[in-house]
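Work through the exercises below with the sequence and the model side by side. Try each task before reading its solution.

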Amino acid sequence: KGEIIYREHLPEELTRKEPLPIGELRKMEEEIIRKTLTETGGNKSKAAKLLGISRTTLWRKIKKMEGK
């Protein structure tokens with residue numbers, strides 16, 4: 001606690017100046033959702049809470065991912 005995070009501590013994708021392509025952002029979002037669902041044993045309510053989104057939003061994102 002109280003330590004400072006400097007730019008060089010962050011991964012490149014967070015520090016580059018040009019924006020990420022939308023497809024790359026979607027892939028990152030899907031990966032985070034999948035990892036969170038794995039961590040919660042598939043519990044969507046817990047996953048949504050950890051992600052800081054509503055359960056409805058998580059369901060919508062999962063449906064969109066399954067439609068691919």
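Two residues are in contact when heavy atoms of theirs lie within 4.5 Å. The model is predicted. With that cut-off in hand, start with one residue.

**Exercise 1. Find which residues Met65 is in contact with, leaving aside neighbours within four places in sequence.**

Solution. Step one: set aside the neighbours within four places of Met65. Step two: apply the cut-off, heavy atoms within 4.5 Å. Step three: read off the partners. Met65 is in contact with Glu30, Ile33 and Arg34.

**Exercise 2. Work out which residues form the largest nonpolar core, and which elements supply them.**

Solution. Step one: list the members. The largest nonpolar core has seven residues, namely Ile33, Leu37, Ala47, Ala48, Leu58, Ile62 and Met65. Step two: assign them to elements. Helix H2 (22-39), helix H3 (44-51) and helix H4 (55-66) each give two or more residues to this core. Step three: find the top contributor. H4 gives the most, with three residues.

**Exercise 3. Place Leu37, decide whether it is buried or exposed, and list its contacts beyond four places in sequence.**

Solution. Step one: locate the residue. Leu37 sits in helix H2. Step two: check the surface. Leu37 has a relative accessible area of 17%, so it is buried, because buried means under 20%. Step three: collect the partners. Leaving aside neighbours within four places, Leu37 is in contact with Gly42, Asn43, Lys44, Ala47, Leu58 and Ile62. Step four: take one partner, Ala47. It is 10 residues from Leu37 along the chain, and the two C-alpha atoms are separated by 5.7 Å.

**Exercise 4. Classify Thr36 and Thr15 as buried or exposed, and name what each touches.**

Solution. Step one: take Thr36, in helix H2. Its relative accessibility is 9%, so Thr36 counts as buried. Not counting residues up to four places away, Thr36 touches Ala47, Leu50 and Leu51. Step two: turn to Thr15, in helix H1. Its relative accessibility is 16%, so Thr15 also counts as buried. With the same residues left out, Thr15 touches Arg7 and Leu10.

**Exercise 5. Decide whether Ile4 and Glu29 are buried, partly exposed or exposed.**

Solution. Step one: recall the limits. Exposed means over 50% relative accessible area, and partly exposed lies between that and the buried limit of 20%. Step two: apply them to Ile4, in the segment before helix H1 (12-15). Ile4 has 57%, so it is exposed. Step three: apply them to Glu29, in helix H2. Glu29 has 33%, so it is partly exposed. Step four: add the distances. The C-alpha atoms of Ile4 and Thr38 are separated by 30 Å, with their positions 34 residues apart along the chain. For Glu29 and Glu8, 21 residues apart along the chain, the C-alpha separation is 23 Å.

**Exercise 6. Describe the whole chain: its elements, its dimensions and its surface.**

Solution. Step one: count the elements. The protein chain has four helices and zero strands. Along the sequence the pattern reads α-α-α-α. Step two: compare with a globule. A compact globule of 68 residues would have a radius of gyration near 11 Å, whereas this chain has 15 Å. The C-alpha trace spans about 35 × 35 × 20 Å along its principal axes. Step three: look at burial. Of the 68 residues, 19% count as buried. Step four: look at contacts. Among those between residues at least 6 apart in sequence, 24% join residues at least 24 apart. Step five: take the surface. The accessible surface comes to about 5900 Å², and 54% of it belongs to carbon and sulfur atoms. Step six: add the charges. The chain has 17 positive and 11 negative side chains. The centres of the two sets lie 9 Å apart.

Notes
Residues numbered from 1 in each chain as written. Predicted model: local features only at pLDDT ≥ 70, side-chain atom pairs only at ≥ 80, totals over all residues. Heavy atoms only, no water. Rg over C-alpha atoms; globule rule 2.2 N^0.38 Å. Buried < 20%, exposed > 50% of the residue type's maximum accessible area, 1.4 Å probe, protein only. Areas by Shrake-Rupley, 256 points an atom, 1.4 Å probe, with all protein chains shown as cover. Lys, Arg positive; Asp, Glu negative; His and termini not counted. Charge placed at Lys NZ, Arg CZ, Asp CG, Glu CD. Core = buried A, V, L, I, M, F, W, Y, C linked by side-chain atoms within 4.5 Å.
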